[in-house]
Amino acid sequence: MLLAGCGGPLSTLDPAGPSAAAIAQLWWLMLAGAVVLFGLVMVLLLWAFVRRSAAPDRPKLWLAGGGLVLPVMVLMPLLGFGLLTGERLLAHPRAAEVTRIEVEARQWQWTFRYPATAGGTRVSVNELHLPVGRPVDLHVTSPDVIHGFWIPRLGGKIVAIPGHINVIRLSADRPGSYHGVCAEFCGGGHTAMDFRVTAHADDSYEGRLAELPRDRR
């Protein structure tokens, strides 16, 4: 029953892209570290109950070991791995063949613009089209209030801030349909502010963009 919540279209533990896979790997490693630390604490607690009648041997050593050495041994490797994973998820400007898509979040709609399309910028509303196997930089902003852009199966989330552009890099491993949501409470229509994500194979992505309406801004 507990694992039933680990699946579905909004599951971060069912990744469909390298960014989401790295985040899921970090989550599992953090869980393993927490389990190890919890187990060690329980063993020490049980040992203290068993020997409660005996006089404590060198209490300062136990305080230093249980309160400092033990957490450092578990938490420092997790911290290092977490920092390395976070650095790999950044949108480094030197990466080659990155597709640019502009994302505008407004109450209660998502607008996606594809400026690199042949014949001019195309636009889609509440549906994002991605090429499979190609990194995509999503430039996210908002004209009204703060929103949260999040596609759980493809990667982490990023905030859409009025007057500011944030960039997140995502990619999909395989063709398919995914689900995106607003992850920041933005008003009365927040719960209905979601969008569909379609990942296309390379040979069909450009064709699908050509079918979209032109941007009339």
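**Two sheets, a core and a cysteine pair**

Student: Which cysteine sulfur is closest to the sulfur of Cys 186, and why is there no bond?
Tutor: Keep in mind that this is a predicted model. A disulfide needs two cysteine sulfur atoms within 2.5 Å. The gap here is 3.8 Å, so it is too far for a bond, and the closest sulfur belongs to Cys 182.

Student: Is Cys 186 buried or exposed?
Tutor: A residue counts as buried when its relative accessible area is under 20%. Cys 186 has a value of 7%, and Cys 182 has one of 6%. Because 7% lies under that cut-off, Cys 186 is buried.

Student: How many disulfides are found in the whole structure?
Tutor: We have just met one candidate pair, and the sulfur of Cys 182 is too far from that of Cys 186 for a bond. A search of the whole structure gives a disulfide count of 0.

Student: Let's turn to strands. What is the order of the open sheet that contains E4?
Tutor: This sheet has 5 strands, with mixed pairing. E4 and strand E7 (158-160) have a single partner strand each, so they stand at the edges. Neighbouring strands are turned by 30° against each other on average, direction ignored. Read across, the order is E4-E10-E9-E6-E7.

Student: In which sense do E4 and strand E10 pair?
Tutor: There are 5 bridges between E4 and E10, which spans residues 194-200. Across the pair, Leu 128 stands opposite Val 197, and His 129 stands opposite Thr 198. The sense of the pairing is parallel.

Student: Which helix packs on this sheet, touching E4 and E10?
Tutor: Look at residues 202-211. The direction of this helix makes about 140° with that of E4. Its name is H3.

Student: How many residues of strand E4 are buried?
Tutor: E4 covers residues 127-131. On one side are Glu 127, His 129 and Pro 131, on the other Leu 128 and Leu 130, and both faces are covered. The strand is therefore mostly covered, and its buried residues number 5 of 5.

Student: Glu 127 belongs to E4. With which side chain does the side chain of Glu 127 make a polar contact?
Tutor: Glu 127 is buried, at 15% relative accessible area. Leaving aside neighbours within four places in sequence, its contacts include Phe 112, Tyr 114 and Arg 196. The polar contact is at 3.0 Å, and the partner is Thr 198.

Student: Which strands stand at the edges of the open sheet E3-E2-E1-E5-E8?
Tutor: This is a sheet of 5 strands with mixed pairing. An edge strand has a single partner, so one side of it is left without a neighbour in the sheet. That applies to residues 122-125 and 166-170, which are strands E3 and E8.

Student: Which residue in E3 is the bridge partner of Phe 112?
Tutor: Strand E2 (residues 109-114) pairs with E3 in the antiparallel sense over 4 bridges. Phe 112 takes part in a bridge to E3, and its partner there is Ser 124.

Student: Which residues have the most contacts inside the largest nonpolar core?
Tutor: Nonpolar side chains tend to be buried together in soluble globular proteins. The largest core here has 31 residues. Leu 138, for example, is in contact with Leu 128 and Phe 149, among others. The residues with the most contacts inside the core are Leu 128, Leu 138 and Phe 149.

How values were computed. Residues numbered from 1 in each chain as written. Predicted model: local features only at pLDDT ≥ 70, side-chain atom pairs only at ≥ 80, totals over all residues. Heavy atoms only, no water. Core = buried A, V, L, I, M, F, W, Y, C linked by side-chain atoms within 4.5 Å. Buried < 20%, exposed > 50% of the residue type's maximum accessible area, 1.4 Å probe, protein only. Contact = heavy atoms within 4.5 Å. Pairing = 2+ DSSP bridges. Helix = DSSP H or I, 4+ residues; strand = E, 2+ residues; numbered from the N terminus. Polar contact = N/O pair within 3.5 Å; in protein donor to acceptor, adjacent residues only side chain to side chain. Axes fitted to C-alpha atoms, helices over the stretch in contact; angles between N-to-C directions.
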